[in-house]
Amino acid sequence: MQSTAHTTNTTQGFDNASHHPITVRRPEFNFAQLPKYYFNNNPLLSHLLTALSLTFPNGERFFVHSVRNVRDQVKTATLKSDVSAFIGQEAMHSHAHEDFNDFAKRIGLDVQPIIDSEYEKVEQIKGVLTPKQQLAVTCALEHFTAIIAQYLLEHDDFHKQLHPDAAHLWMWHALEETEHKAVAFDVYREVFNDEVVRKRTMRIITTTFISRISYITGKLLLNDKEGRLQFKQHWLAFQQLKVMAKTLLPAYLDYYKNDFHPNQHDSNAIANEWRGVLFAS
Ligand SMILES: [Fe+2]
Ligand SMILES: [Fe+2]
């Protein structure tokens, strides 16, 4: 993979016809040999990825729930089949990250209370928000996952810093997030098409998502006697995250444009490259 800038097609149009069919895959993972600091021997970066992983199984089940809520109202045939594939991919991600989260338990991190608390939060959201608001939450979080995923696919320095067994999981997940990034958005647009709620929800989700992931990462670091005092590693991690955040900011802000669509961020070429890397037999 060449290290390239985040590719963004800033033209108004985009080509839905070139959209690659969404494939549900069931890769096998093995985390038995995974070292504690699987991300460049860096405690903070490793715990940050683990924090994301801890939110995924319940979070992605919620994404599926929010799309299922309204799938009967989807009329477009291609979108209906994309919805089925979206549900299949997210279900596989949930299972894979449950296995990954077991690795976090094995290395002694106290992650079960975090997983339980994620479950309770999701159940609260399901009880309080309307189906439109729930789907808007999914669209906002899918935008975050899509732009982060594209960054990971396009920047060689990410996967090269990961232990190969962790890279296998994260690059597979990143690829599939780019493949299905428009599905929840297209369902929202077809069923509700409420731009005010879509953008307002993103503002709320931005605050809650960043603060929640920071909180969980901090909790994991505090729980790790060996890693929490490695201040030089923390500083290096912050430098890396600063570059990433600066690169991603324009793609994040695109979500607030009136004519925004996820496919305006062209990820076809990089996704093709990674399909070759991960699934060429
Ligand atoms: Fe996913
Ligand atoms: Fe997703």
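Student: Which residues of H9 are buried?
Tutor: This is a predicted model, where local features need pLDDT of at least 70, side-chain atom pairs count only at pLDDT 80 or more, and totals for chains, interfaces and linings use all residues. Residues are numbered from 1 along each chain as its sequence is written, chains are lettered from A and ligands numbered from 1 in the order in which they are written, and side-chain values use heavy atoms, leaving out hydrogens and water. Helices are DSSP runs of H or I with at least four residues (strands: E, at least two), numbered from the N terminus. With buried meaning under 20% relative accessible area (exposed is over 50%, partly exposed in between; 1.4 Å probe, protein chains only), H9 gives you His 234, Ala 237, Met 244, Leu 248, Ala 251 and Tyr 252.

Student: And which helices do those buried residues pack against?
Tutor: Contact here means heavy atoms within 4.5 Å. The buried residues of H9 pack against H1 (43-68), H4 and H8 (195-222).

Student: Where does H9 bend?
Tutor: Take the bend at a residue as the angle between axes fitted to the seven residues ending there and the seven starting there. In H9 that angle is about 30 degrees, with Pro 250 following within four residues of the bend, which sits at Thr 247.

Student: Which residue coordinates both iron ions?
Tutor: Donors are N, O and S atoms within 2.8 Å of the metal (3.2 Å for Na, K and Ca), and sites may look incomplete because water is not among the atoms. Ligand 2 has protein donors from Glu 90, Glu 142, Glu 177 and His 180, lying 2.0 to 2.8 Å from it. The two iron ions, ligand 1 and ligand 2, are 3.7 Å apart, and the residue coordinating both is Glu 90.

Student: Is Glu 90 buried or exposed, and at what relative accessible area?
Tutor: Glu 90 lies in H2 (residues 77-106) and Glu 142 in H4 (residues 131-154), so the pair ties together parts 52 residues apart in sequence. Glu 142 is buried at 2%. Glu 90 is buried too, and its relative accessible area is 0%.

Student: What is the arrangement of the six donor atoms around ligand 2?
Tutor: Six donors count as octahedral if opposite donors are over 155 degrees apart and all others between 65 and 115; four are square planar on those limits, or tetrahedral if all angles lie between 85 and 135 degrees, and anything else is irregular. Around this iron ion the angles run from 51 to 152 degrees, so the arrangement is irregular.
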